[in-house]
Amino acid sequence: MNTALIIIFGFLLLAIYLGIRATRGKKMDLEQWSVGGRGFGTVFVFFLMAGEIYTTFTFLGGSAWAYGKGGPAFYILAYISLAYVLGYWIGPQIWRYAKKHKLMSQPDFFVSKYKSPFLGIVVSCAGVLAIVPYIILQFKGLGIIVSEASYGSISSTAAIWIGAISLTVYLMISGIHGSAWTAIVKDIMIFIVVLFLGIYMPFHYYGGLQPMFEAVHQANPTFLTLPKTGLSISWFISMTVLGFYMWPHTFNATYSAENENVFRKNSIISPIYTLMLLFVFFVGFTALMQVPGLQGAEADLSLLRLSIQTFDPWIVGFIGAAGLLTALVPGSMLLMAASTSLSKNVYGVLVPSATGKQISILAKCFVPVIALVSVYFTLHGGNTIVTLLLMGYSIVTQLFPAFIFSLMKNNIVTKYGACAGIVAGIASVMYITITETTLGTLFPALPQIIKDTNVGVISLFINLVVLMVVSLATKKIAAQPHFESGAVDGKQIL
């Protein structure tokens with residue numbers, strides 16, 4: 001066993017230990033397991049939400065985009081920073097309402113706001129549909145990182161199984177407490193590793209940042225700019241930030257804070273922390289001419305291949321360990337959000353006689369089930385998973401219109417309108433993604449600047465139109481309380 005592999009597995013054991021130790025002195029009911037008893041302060045929430053955001057995509061995909069696409073990679077930095085501005089306003093509102101009504105999942109919010117358990121089922125299904133491909137992304141990233149950083153001593157398949165089993169065990173035991181403690185270790189490591197690589201690599205190979213950019217520019221004068229077509233300026237500015245807080249695991253993390261000021265502080269600090277992504281890009285730009293020839297998905301290997309080429313195994317081990325934690329922390333939050341939603345907002349509605357203890361046990365039992373499904377598609381999913389992954393962000397964005405209307409004092413949207421809008425939006429997302437439809441294919445005569453606009457705008461527009469039309473048509477129906485067909489224990493399902 002080489003030095004790099006020893007270090008990687010050492011940090012895996014540390015993550016498991018922290019997860020188990022985090023439960024000491026706590027009664028791990030569903031509230032403690034999923035939202036930490038709503039007692040996390042600014043530091044914990046900061047690391048927890050950063051842990052969800054800086055995933056294997058940031059670690060591998062950020063450098064890959066810089067390596068393969070150049071200038072358009074900076075959209076990642078822009079949209080995350082803008083999303084925190086949005087979070088400054090909506091985070092406290094989500095927390096206040098969740099605290100008052102003791103909510104434990106994202107669907108709980110919609111159920112309570114619209115008085116519709118059926119809407120909770122729709123939101124749960126949307127969340128799981130988006131989450132599973134995201135978990136698969138973490139597992140694939142985990143396999144790449146461990147396999148490459150261990151110099152092939154551990155195969156990608158073996159790494160995925162080891163990571164999935166470890167993640168399942170420690171998540172079932174510790175819930176969000178383990179994720180929070182592991183996130184602290186992970187974010188400190190990522191900060192050190194990324195800062196070191198982003199500074200060292202350009203100076204080592206080019207003598208500084210300016211010479212690096214000059215070399216890239218000389219090799220391809222347009223590489224660091226936005227192209228005139230495709231990933232152009234109109235594409236760049238139309239990358240929506242509305243879905244950022246609609247991811248179930250991010251939404252749920254807001255419940256864990258001890259007070260609403262936690263989000264305002266984090267929204268001020270987090271954009272500065274996001275600048276860390278610049279150093280990831282620097283590594284990708286450095287690798288462009290030092291590890292040439294990586295095409296397509298191979299671009300994901302640019303950071304690791306450059307590191308292996310540059311450093312001794314023990315340094316590569318620490319880089320691999322940091323990458324490992326970028327998969328475990330968000331992976332645990334994703335699994336927990338999906339399992340909580342399915343147990344509480346699907347099973348709990350369909351089987352209203354279920355007790356809180358039964359739902360809590362079922363939530364933990366769903367963890368290995370979802371993990372196994374994710375591992376299967378990670379190993380056998382093929383190109384279909386890529387398509388699903390592209391749909392994920394667009395799917396959760398379809399929750400935003402119903403969500404933002406629910407914050408208004410006089411909400412004009414009915415539960416029927418909210419449900420119809422979400423379903424119509426998701427259906428259009430799936431159709432557009434699967435058929436690879438763009439504004440250009442729909443309207444060939446449009447100017448290029450409009451053709452390049454993010455096609456997700458179409459789905460949001462359809463969502464809003466259906467939401468408003470159905471709400472207006474059902475306004476009188478929604479205003480009349482009735483408990484006929486589809487009622488459970490006196491509560492109307494729809």
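Among contacts in the chain between residues at least 6 apart in sequence, what percentage join residues at least 24 apart? The share is 85%. The legends below describe a predicted model.

**Figure 1. Overview of the predicted chain, with 24 helices and two strands.** The chain has 494 residues, and 56% of them count as buried. Its accessible surface comes to about 20400 Å². Carbon and sulfur atoms account for 68% of that surface.

**Figure 2. Lys-115 in the loop between helix 6 and helix 7.** Helix 6 covers residues 106-114 and helix 7 covers residues 117-149, with Lys-115 placed in the loop between them. The phi angle of Lys-115 is near 55°, a positive value in a residue that is not glycine. Lys-115 counts as exposed because its relative accessibility is 56%, and the cut-off for exposed is over 50%.

**Figure 3. Tyr-151 in the loop between helix 7 and helix 8.** Helix 8 spans residues 156-174, and Tyr-151 lies in the loop that separates helix 7 from helix 8. Tyr-151 is not a glycine, yet its phi is positive, at about 60°. With a relative accessible area of 36%, Tyr-151 is classed as partly exposed; this class runs between the limits of 20% and 50%.

**Figure 4. Surroundings of Pro-202 in helix 9.** Helix 9 is made up of residues 176-206, and Pro-202 is found within it. The relative accessible area of Pro-202 is 0%, so this residue is buried. Neighbours within four places in sequence are left aside in the contact list of Pro-202, which consists of Leu-197, Gly-207, Gly-208, Leu-209, Met-212, Phe-282 and Thr-286. Phe-279 is 77 residues from Pro-202 in sequence, while the C-alpha atoms of the two are 9.9 Å apart in space.

**Figure 5. Polar contacts and surroundings of Ser-234 in helix 11.** Ser-234 belongs to helix 11, which comprises residues 233-237. Is Ser-234 buried or exposed? Ser-234 is buried, because its relative accessible area is 6%, and the cut-off for buried is under 20%. The side chain of Ser-234 forms a polar contact with the side chain of Ser-232 at 3.2 Å. The Ser-234 side chain also reaches the backbone oxygen of Ile-449, at a distance of 2.7 Å. When neighbours within four places in sequence are left aside, Ser-234 is in contact with Ile-449, Asp-452 and Thr-453. Ile-449 thus appears both in this contact list and as the residue whose backbone oxygen the Ser-234 side chain reaches.

Key. Residues numbered from 1 in each chain as written. Predicted model: local features only at pLDDT ≥ 70, side-chain atom pairs only at ≥ 80, totals over all residues. Heavy atoms only, no water. Helix = DSSP H or I, 4+ residues; strand = E, 2+ residues; numbered from the N terminus. Buried < 20%, exposed > 50% of the residue type's maximum accessible area, 1.4 Å probe, protein only. Contact = heavy atoms within 4.5 Å. Areas by Shrake-Rupley, 256 points an atom, 1.4 Å probe, with all protein chains shown as cover. Polar contact = N/O pair within 3.5 Å; in protein donor to acceptor, adjacent residues only side chain to side chain.
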